[in-house]
Every structure is written in C-alpha cells, then in structure tokens.
Amino acid sequence: MATSFLTPGPSELYYTVADHLKVALREHVCEISHRSKAFQQIMAHTTAQLRELMGVPDHFHIAFTGSATEIWERILQNLCAETSFHLVNGSFSKKFYDFARQLQRKALKYEVPLGQGFWPHEIDVPAGTELLCLTQNETSTGVTMPLADLATLRQKYPHLLIAVDAVSSAPYPAFDFAQFDTLFFSVQKCFGLPAGLGVWLFNDRCVAKAEQLAAQGHSLGTYHTIPSLLSNLQKNETPETPNMLGIYLLGKVAEDLNRRGIKTIRQETDYKASLMYHALEQHPQLSAFVGEPTHRSRTVVVANVLGRPAADLLALAKAQQIIVGSGYGSLKDSQLRIANFPTHSKEVFEKLADLLLAS
Ligand SMILES: *Cc1c(COP(=O)(O)O)cnc(C)c1O
C-alpha cells in the first residue's frame, strides 16, 4: 500500500497528479513560451475550471503568484495605504499581521487564544480602517470561521475591504463571493499539488482601490501589482515567467474535482471530519483542541494528546504508512494535526480512526 500523507501542507498529491505530470512533459508544458497561444489556452482552462469549481463570479479576477505568503504582501501593498485590521488566532493569521507591520502599515489586531475562534459581535473595527484581514481556516490550530460569520462581518462593515485567507480550506467551503473582496489560497494543501503557486481572487472594488492608491502616488510594489496582473490577465498571461507546470496541473486537478462534483467532495469531507472528531471523543487520551464545535475545522482536525507524547501516535500511524501532521510550533509535542483534503480517502480515515481508537 502507498504511503498516505495526512499532513496539512504540503500534503498528499491528488491521485491523478502523476498521470497529469506525464502528459505535461509529453506536451512540453515547461518548454513552451509563456507568451504563446498554447500557454494562454492553459491559463484560460485553469481559470475556467476554478470558476466552475468555486462558483467565482465574473467580477472577481483570478491571478497567479508564487505563494500565498506572497499574496499577504500583495494585498497589503495594493489594498491598504495606512490601516489594516487583523483577526489573529494562530501562526498564519499572526504572520499576515506581522507583514502589515513590516510594511509599515498601521496594523491593528483583535487576538484570541490558540484554539479559539471569533464571535462577530465581539469584533470592533475602528473607523478609518481600510482593510479587514481574516484567516477562514487557521491551519496551525484547526479553527475555522463559519460562513455565516463572514456574512455578519460584511453586514457590519459594508465599506471595508475584506480579505480572506482560505489556504487550507478552499475549495471545501461554499463561499458566497458577496461577503468579501479578495480571497486566496495556495495549491499544496486541499488541491494536492506541488507547492509554488498562489491563487489570488480579487473583485473590482480591489481594482478601484489599487488604482486610487497608485493615482495618489503610493507604491503598489513592482511586478505583481493589481494593475499589472490585470493587464496581463486580459491576454491570459502573467507579468513574469510563471510556474507554467503548476498552473497546468491546477487546471487538470480542478477539472478532476469538477468531474467528481463539489457537492460530493463536500459531503465526503464532512463524513471524514465527523468520523475523526467522533474518534477523538471516544478516546480517553485524545480530544478536539477546538472546544467550540462550530469553530472546528473540517479540513484540518487538531487533536490534543494527553498522558503520552504525540510522537508515539505519529510513529504508530507511520508504521501503517500513514503520515499524520504534528502540532504547530509550541504545540508540537502535545498535538496531532490531521489534514482532510479531497485526495484523502474515506478508507484511510477509517483506518486511522481505528488505529487511534485501538492505541
Ligand atoms: C500554508 C498557509 C499559508 C502559506 O502558504 P504558502 O503557500 O506557504 O505561502 C498561509 N495561510 C494559511 C492559512 C496556510 O495554511
């Protein structure tokens, strides 16, 4: 049996990637010009498949970058001249905030303890803030923001630009694109692809904001500014020589996911998550890290391990060729993180749950 990587990123490759790679080599995807018709067709295909998969409306643009980390920086450069506000509840949301400070924005934050999520009525964004940044699925702690809360925040702050980090959840959540202005992810998590490609979705409000900042003399950065990405997108191109293989593979995997059906994928994700949270409840030494059930991530399940080192359980699983993620940062020795992405089969989840319950 092949080794399963239930790690939250990089994660297991989607099971069709090996075949797509072979075809990519045969079709010279890495060798053609990034200004050629052939590449433009690849870009157009990838974009169309993503639009279908995630229900991306026409007034949202889909641009490609080197990583999600890069998109944190681009969002701050293009959408915020002075003040950003960050919901912080783990390492990834904290880094977004840190970037704002490094870029010398006036970065404000509302922070809650690790393992907790947010209640929209407790969030108070001061007047004058331009951009609200939130991490819909905090990969370090397994805390998610329910979609209804995104809607509440939008209602509460209709004039703010809202940026959503969906790196370890997309395409699982059925996002309503009216609830935010920009959303992004990278491909080595739920899409099961090699790392090195960020996907940045932004709407016309973001375009207007970037144009306004540029007109006022603010720097938007250099090659990956919204205006530069946009003028290239009109030709299905990118400003630089992009990760053509990554863009090609993303289009192929998104097509595979569309064929399987996003509804089915969501149902299977829910089933596997319930199975794992149920196993955690049954085991005397294991428990869900996230106390509030509605804040428990479906795509990254984080477990506390009591009375023994988490490494024992990682080793047990590894002996059965299942690689489970360790806790993040200071929680490394006492937690497990189990990725639940479209490529991870029900069978592997059942096997891991049985293994944990017998341990
Ligand atoms: C992994 C991750 C990132 C960073 O993605 P890169 O592809 O490494 O840049 C950002 N946000 C969240 C929530 C993540 O899980």
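User: How do strands β13 and β14 run relative to each other, parallel or antiparallel?
Analyst: Quick heads-up: this is a predicted model, where local features need pLDDT of at least 70 and side-chain atom pairs count only at pLDDT 80 or more, while totals for chains, interfaces and linings use all residues. Residues are numbered from 1 along each chain as its sequence is written, and side-chain values use heavy atoms, leaving out hydrogens and water. Strands here are DSSP runs of E with at least two residues, numbered from the N terminus, and two of them pair if DSSP finds at least two bridges between them. Two bridges join β13 (residues 322–326) to β14 (residues 335–339), and the direction is antiparallel.

User: Which residue of β14 does S326 face?
Analyst: The two strands sit together in an open, mixed sheet ordered β1-β13-β14-β12-β11. Across from S326 in β14 you'll find L336.

User: Why do β1 and β11 each have a side without a neighbour in the sheet?
Analyst: In the five-strand order, β1 comes at one end and β11 at the other. β1 (4–6) and β11 (286–288) are the edge strands, so one side of each is free, as each has a single partner strand.

User: What angle does helix α9 make with β12?
Analyst: Helices are DSSP runs of H or I with at least four residues. Angles (0 to 180 degrees, between N-to-C directions) use lines fitted to C-alpha atoms, for helices over the stretch in contact, and contact means heavy atoms within 4.5 Å. Helix α9 (residues 262–282) packs on the sheet and touches β11, β12 (300–305) and β14. Its direction makes an angle with that of β12 of about 10°.

User: How far is an oxygen atom of the ligand from an N or O atom in the side chain of S186?
Analyst: Among the 13 residues around the ligand (a heavy atom within 4 Å), S186 is one of those that come nearest, with T69, T139, D165 and K189. A polar contact is a pair of N or O atoms within 3.5 Å. A polar backbone atom of A68 makes one at 3.2 Å and a polar side-chain atom of Q188 makes one at 2.9 Å. For the S186 side chain, the distance is 2.8 Å.

User: How much of the ligand's accessible area does the protein cover?
Analyst: Accessible areas come from the Shrake-Rupley method with a 1.4 Å probe. On its own the ligand has 380 Å², and the covered share is 87%.

User: How many residues of β9 are buried?
Analyst: Buried means under 20% relative accessible area, exposed over 50%, and partly exposed in between (1.4 Å probe, protein chains only). T182, F184 and S186 point one way from the strand, L183 and F185 the other, and all are buried. So β9 is largely enclosed by the rest of the structure, its buried count being five of five.

User: Which residue of β10 stands opposite T182?
Analyst: β9 lies between β10 and β8 in the open sheet β2-β10-β9-β8-β5-β3-β4. With β8 it pairs in the parallel sense over three bridges, whereas five bridges join it antiparallel to β10. Facing T182 in β10 is F202.

User: Is L114 buried, partly exposed or exposed?
Analyst: L114 is in the loop between β4 and β5. Leaving aside residues up to four places away in sequence, it touches N89, G90, T141, F289 and L331. Its relative accessibility is 45%, so L114 counts as partly exposed.

Notes
A polar contact is a pair of N or O atoms within 3.5 Å; within protein, one must be able to donate a hydrogen and the other to accept it, and residues adjacent in sequence count only if both atoms are side-chain atoms.
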